[in-house]
Amino acid sequence: MQVKGTSASTTTSQNGAYTISVPNAGNAVLVFSYIGYTTQEVAVNGRSTVNVSLVESASDLSEVVVVGYGTQKKKDLTGAISIVKASDVQKRQGTTVAESLQGLATGIRVRGGGQPGSEAQIQIRGLKNFGANNPLYVIDGLVTSANRDFNPADIESIQILKDASAAAIYGSRAANGVIIITTKRGLDGPMKIEFSGKSSLQTIPRYDLAETEEFSRLNFMAYDNAKINRQQLDLNTNTDWQDVAFRTGNVQDYNLSFSGGSKDATYFVSGGYFGNKGTVISTDFDRLSFRVNTKGTKGIFTIGENLAISSSKNNEMSGNPILDVVRMLPTIPVYDAQPSGRVWLRRRSQSQNIWN
């Protein structure tokens with residue numbers, strides 16, 4: 001404690017008692033401060049006794065955190081834990097929870113697959129073994145998996161348990177860490193309607209590849225220098241395989257929810273659509289999700305349910321078109337000129353044409 005504007009100061013005893021000589025007590029102001037508490041300024045106003053109660057400044061230490069099958073105040077935690085805000089997760093357009101966590105918590109490594117509907121790999125504090133490295137997911141107290149069928153928009157809070165203390169609750173399954181997810185619930189009050197919609201475009205880098213004129217000139221030069229008969233190239237064809245394989249993709253994410261209730265019963269109903277048209281033609285992912293969380297109490301009885309239904313469809317990429325479009329010759333047509341309309345296989349064996 002210090003007299004404002006002077007060098008006069010003192011500290012309290014273990015019981016909080018203090019004494020200090022204050023010049024000009026009628027106009028003096030006492031400044032009370034302590035680590036972790038809000039600084040307060042109190043005017044003396046001629047008083048001989050001034051009592052003050054400081055207020056904690058770290059208000060987030062009283063935040064209740066879900067740990068294992070129960071709850072605990074943040075200030076009482078002894079294990080390594082990260083807390084991710086649901087608002088930060090919902091700003092992302094991630095297919096899965098793992099993608100939505102990328103860059104939001106320390107000690108977590110997320111590697112996405114890149115394809116529409118692919119499930120990202122997540123590692124908590126590095127590689128633990130040579131087998132599976134995915135953490136254990138606990139959603140609303142139920143051990144499950146937060147795969148691509150789970151809608152991240154339904155998340156209320158996420159806690160990530162990182163150290164060995166999680167094994168005391170979940171056993172060996174917690175060797176790679178635990179991600180505890182609590183989904184949204186209704187609150188006491190009138191019906192609340194929320195809608196969110198996000199849309200974005202995706203593109204893939206394009207390369208300046210040799211066209212038929214340039215490629216044939218270099219190809220014939222190489223065969224002539226090697227004194228080998230030239231390849232039979234179709235000089236009337238000029239195919240840019242990047243145009244054939246790639247397109248502008250997009251991501252659409254729409255969610256609608258209804259929530260509300262009273263002191264005895266609450267409800268939360270949500271529906272969502274997530275669609276991702278990939279940058280590679282014929283790749284896409286679509287998901288429809290529906291969730292109902294209700295809870296009712298009467299005396300000593302409590303009844304409710306956490307119901308989640310989802311339907312997804314995924315068309316995955318076959319082969320590696322990212323590399324194939326660079327290796328394919330521009331003199332190969334996309335379709336056979338014959339009436340059969342067969343498609344060329346993406347390979348050639350010298351001058352021999354290989355069909356599909």
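How much space lies in the second largest pocket? In this predicted model, in which local features need pLDDT of at least 70, side-chain atom pairs count only at pLDDT 80 or more, and totals for chains, interfaces and linings use all residues, that space is about 460 Å³. Residues are numbered from 1 along each chain as its sequence is written, and side-chain values use heavy atoms, with hydrogens and water left out.

A pocket is here an open set of points on a 1 Å grid over the protein atoms alone, where a 1.4 Å probe fits, with protein on both sides within 12 Å along at least five of seven lines, and lining residues have an atom within 4 Å of a point; a volume is the space filled by probe spheres set on the points, which are joined across faces, edges and corners. The second largest pocket is lined by 27 residues, with Gly114, Gln115, Pro116, Gln202 and Asn276 nearest its centre. The largest pocket has a volume of about 630 Å³, and of its 26 lining residues Met1, Thr12, Gly16, Tyr18 and Phe32 are the closest to its centre.

Helix H4, a DSSP run (H or I, at least four residues) numbered from the N terminus, comprises the 14 residues 212-225. Its buried residues (under 20% relative accessible area, 1.4 Å probe, protein chains only) are Thr212, Phe215, Ser216, Asn219 and Phe220. Seen down the axis of H4, these fall within an arc of 125°, and so line one face of the helix, the arc being that of the directions from the helix axis to the C-beta atoms. On the other side of H4, Glu213 and Asn225 are exposed, that is, over 50%. Just after H4, Lys227 takes a positive phi of about 55°.

How values were computed
Helices (H or I, at least four residues) and strands (E, at least two) are DSSP runs, numbered from the N terminus. The expected span of a helix is 1.5 Å times one less than its number of residues.
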